[in-house]
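Welcome! Please take a moment to look over the protein shown here before reading on.

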Amino acid sequence: MSSPTGPASGLPVRMPRPRQPGRHRRPEPLAAPEGAPALVLAVPGTSSAATRSLAEEVVSIARSELPGLDARIGYLDGDDAEFPTLQYVLTRAAEERTARYEQARAAGADVTQPDGPVAVVVPLLAGPDNALLRRVRQAVMESRIAADLTDVLGPHPLLAEALHVRLSEAGLARADRARLFTVATAADGIILASVGGEEAVQAAGITGMLLAARLAVPVMAAALDEEGAIAATAEQLRGSGSQQLALAPYLIGPEIDAGLLDAAAKEAGCSAAEALGPYPAIGKLALAKYTTALGIAPQQPQGAPVR
């Protein structure tokens with residue numbers, strides 16, 4: 001029996017755990033500030049059910065990392081119905097923000113008129129592609145909505161991790177160098193395929209250096225959209241001693257025709273891994289771009305240690 005002052009004698013008493021002081025204290029969970037701008041994922045490429053599924057998974061990851069996040073998807077080649085365009089999504093976000101303000105005023109709430117950006121637009125691109133980024137900027141301008149546009153997601157150590165995982169899933173790389181097993185089909189040279197011209201190749205090369213450190217094999221970046229570049233890079237790798245090559249797309253997926261990847265792999269005479277797709281790091285990096293733009297990010301997401 002319990003007494004008015006607590007449990008009966010002899011029963012254990014569960015006391016609340018005191019907050020751990022100092023630098024090792026567990027941080028308070030981050031949540032989206034009330035009234036924060038929407039995160040709008042700008043999705044390039046042909047709109048399709050597969051593209052929508054990928055984008056929805058990316059924003060789902062972002063929402064799970066930041067409770068209360070208003071995350072939306074806008075397509076560069078949408079139809080304003082099944083696949084809403086970026087302009088349409090930005091316009092709707094602005095209309096809804098105005099409606100919330102007017103409803104609050106009508107209810108007698110002491111609210112200030114909203115200002116600042118309606119949305120933060122995050123391009124769903126691993127690396128720079130000036131043609132696509134120009135279209136994203138144009139869409140934002142044509143919407144006439146106040147919105148911030150972030151950089152692309154890479155280069156970043158988390159993308160090197162994602163590339164490693166995709167290669168290991170295809171049987172083209174060991175999942176973990178620290179474990180004592182081998183993969184018979186593991187590549188001894190990696191071609192990192194990008195789109196977007198020379199700037200994109202240079203950016204992919206930075207992530208490629210991180211991937212090379214993880215795999216302990218040479219990694220060279222090449223442009224998918226430059227005729228003969230993939231084959232020339234394959235020849236260069238073979239000339240330096242690599243015999244079993246693999247093509248790793250430094251691409252999320254929607255921005256490129258899958259047929260182009262298949263043709264490039266045949267041209268180089270090697271197997272190819274899948275594109276990065278909705279790997280968890282993609283959602284985390286999209287969120288990091290958003291929170292950094294708003295100044296609410298405690299830190300950038302960290303990549304897994306090199307093994």
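The report below goes from the whole chain to its sheets, helices and cores.

This is a predicted model, in which local features need pLDDT of at least 70 and side-chain atom pairs count only at pLDDT 80 or more, while totals for chains, interfaces and linings use all residues. Residues are numbered from 1 along each chain as its sequence is written, and side-chain values use heavy atoms, with hydrogens and water left out.

**Overall picture**

The protein has eight helices and eight strands; these are DSSP runs numbered from the N terminus, with at least four residues for helices (H or I) and at least two for strands (E). Of its 307 residues, 44% count as buried, meaning under 20% relative accessible area with a 1.4 Å probe, protein chains only. Among contacts (heavy atoms within 4.5 Å) with a separation of 6 or more, 75% are between residues 24 or more positions apart.

**Two open sheets**

Strands pair here if DSSP finds at least two bridges between them. One open sheet has four strands with parallel pairing, in the order E2-E1-E3-E4. E2 (71-75) and E4 (147-149) are at its edges with a single partner strand each, so one side of each has no neighbour in the sheet. On average, neighbouring strands of this sheet are turned by 30° against each other, direction ignored. Three bridges join E3 (residues 119-123) to E4, and Val120 stands opposite Asp148 in E4.

The other four-strand open sheet is also parallel, ordered E6-E5-E7-E8. Its edge strands, E6 (219-223) and E8 (271-272), pair on one side only. Five bridges join E5 (residues 189-194) to E6, and Ile190 has Val219 in E6 as its bridge partner.

**Helices on the sheets**

The angles below are taken between N-to-C directions, from 0 to 180 degrees, using axes fitted to C-alpha atoms, for helices over the stretch in contact.

| Helix | Strands touched or crossed | Angle |
|---|---|---|
| H1 (residues 49-65) | E1 and E2 | about 155° to E2 |
| H2 (residues 86-106) | E1, E2, E3 and E4 | about 145° to E2 |
| H4 (residues 157-169) | E5 and E7 | about 130° to E7 |

**Nonpolar cores**

A nonpolar core is a set of buried Ala, Val, Leu, Ile, Met, Phe, Trp, Tyr and Cys residues joined through side-chain atoms within 4.5 Å. The largest has 50 residues, and Leu211 is one of those with the most contacts inside it. Leaving aside neighbours within four places in sequence, Leu211 is in contact with residues including Leu167, Ile190 and Val219. Apart from this core lies another, of 20 residues, including Leu76 and Val89.
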